[in-house]
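Me: Please take a close look at the salt bridges in this model. For each pair that you discuss, I would like to know where the partners sit and how open they are to solvent.

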Amino acid sequence: PFPEQEYDYKQPEIKSFEFSKSDTLSFTSKTLPSKSSLPAKRINWSKIPSKPFDIGSPYKVGDLPKKPLDWEALPRRDFDLDSLPKLEIGIKVIVLGAPKIVKAGIPEKAVDGSRGVMTFDDDFGYPGNITIQILDSEGSFWFAGNEGIARYDGEKLELYSQEQGLKSRGIFAMYEDSNGRIWIGDNAGSVSVIDAKAKLIFELNIPGFRGINDMVEAADGKFWLSNVQVGYDIIDLKQKLVHRFTPEQGLLGKITISPYQDEEGLIWLSTNNGITIIDLEAGKNISFTPDNGLLNDFVINFYEDSQNRMWIGTDSGVTIFNSKKDELSYLADPFGFDSKGDGVSDILEGRNGNYWIGTDKGELFYYDESASSMEKIVVETSDKFVGIWGLIEDKHGQIWIPTIREGIFLFNPKGGKPG
């Protein structure tokens with residue numbers, strides 16, 4: 001089917017070719033009537049309104065300053081949980097109503113945030129402002145705010161509020177216990193335990209309880225709750241009892257935010273006058289304050305990393321205990337922590353071993369310890385309190401950023417770098 005010889009192909013047709021005749025181009029000019037000069041005004045460049053522009057490039061922080069610590073020399077006194085004032089708890093059981101189910105929307109670009117920061121607006125489906133989040137043992141997110149709580153599975157929201165039996169719409173704290181129950185509390189003295197599988201709500205009546213910031217379940221099954229402007233309440237749910245720990249019993253201060261139990265079993269309690277550390281096994285109450293090396297006496301939160309170092313967020317940056325508790329290091333201005341408000345409200349170690357640090361002014365810092373570098377991601381530009389609280393890294397490596405004042409944000413480190 002194919003030609004075997006060259007002459008088997010059809011030969012090209014040959015035609016003669018000539019250039020077209022040349023033509024002449026001519027240009028003419030025209031005199032226009034004179035125009036007056038454009039109006040001009042002298043300006044002072046230095047007086048033009050401006051604001052700082054930060055592209056968020058990584059910057060070096062160098063080696064963190066360190067100082068030795070004598071753990072055994074810290075002030076301590078005896079502690080006996082059973083000797084604390086004891087109160088009975090009333091428990092009211094309510095049937096949990098069926099949730100309202102809505103399709104969840106997708107996040108939008110955060111107007112004032114760094115590149116890659118997204119926010120959830122009214123189209124997300126939660127009817128109010130989200131202030132706190134947790135990731136439960138089954139991999140679902142729970143959100144809470146001023147309109148109850150919501151379970152989020154990535155596609156839809158299950159909404160629970162007063163219509164489903166909750167006592168309060170405004171939720172300020174949320175926690176999942178070892179039995180998969182969700183504890184919620186507000187800043188007006190209400191605490192409830194939700195058993196979603198049994199479809200029951202256990203409403204706790206705690207005498208003298210004013211409100212909650214945070215809580216933790218200790219290894220012995222007791223729950224330590226911050227009691228705003230009072231101290232800490234230790235709840236024994238099985239015995240329906242609460243032990244109250246206040247400055248009268250040796251707590252350093254009555255303004256309380258976060259309780260935390262480390263791998264060693266020590267319970268760290270934040271106050272406005274430093275840290276009270278409870279060694280339940282030894283029966284000791286240990287004090288750690290600026291006199292012993294703490295950056296600031298107002299302590300906000302705790303985080304124990306994979307190396308068993310304790311990170312302490314304060315109003316002046318981060319104090320870090322090494323695992324042996326014989327050395328302190330500091331992450332604070334001017335040592336790399338370039339924040340407009342040094343209050344550290346949350347700390348999270350990512351799966352890659354680096355750290356995410358949230359501040360009370362809406363900034364998120366990414367600390368690469370091995371490279372001694374820091375990146376700043378602006379979540380919300382505000383000179384007011386924003387309060388990043390409850391950072392979570394999801395299975396895709398995205399960072400979920402709830403704020404107390406401005407709702408919830410999402411940052412994808414892989415898809416959107418600041419700058």
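Reply: Asp78 is a sensible place to begin, since this residue is exposed, with a relative accessible area of 61%, where exposed means over 50%, buried means under 20%, and partly exposed is what falls in between, using a 1.4 Å probe and protein chains only. The model is a predicted one, in which local features need a pLDDT of at least 70, side-chain atom pairs count only at pLDDT 80 or more, and totals for chains, interfaces and linings use all residues. Residues are numbered from 1 along each chain as its sequence is written, and side-chain values use heavy atoms, with hydrogens and water left out.

The partner of Asp78 is Lys284, and in this salt bridge the closest N and O atoms are 2.6 Å apart; the term stands for a side-chain nitrogen of Lys or Arg within 4 Å of a carboxyl oxygen of Asp or Glu. Asp78 belongs to strand S3 (residues 76-78) and Lys284 to strand S24 (residues 284-288), so their contact ties together parts of the chain that are 206 residues apart in sequence. Strands here are DSSP runs of E with at least two residues, numbered from the N terminus. In contrast to the exposed Asp78, Lys284 counts as partly exposed, at 26% relative accessibility.

A second pair to examine is that of Glu147 and Arg169, whose side chains meet in a salt bridge at 2.9 Å, N to O. This pair also links distant parts of the chain, 22 residues apart, with Glu147 placed in the loop between strand S10 (141-145) and strand S11 (148-152), and Arg169 in the loop between strand S12 (156-160) and strand S13 (173-176). Both partners fall in the intermediate class of accessibility, Glu147 being partly exposed at 26% and Arg169 partly exposed at 28%.

The third pair joins Glu158 to Arg151, with an N to O distance of 3.5 Å in their salt bridge. Glu158 counts as buried, its relative accessibility being 14%, whereas Arg151 is partly exposed, with a relative accessible area of 22%. Beyond single pairs, salt bridges that share partners join Glu147, Glu163 and Arg169 into one network, which places the contact between Glu147 and Arg169 in a wider setting.

As for the full tally, the count by this rule comes to 14 salt bridges, among them the pairs Asp78 with Lys284, Glu147 with Arg169, and Glu158 with Arg151.

Methods: Helix = DSSP H or I, 4+ residues; strand = E, 2+ residues; numbered from the N terminus.
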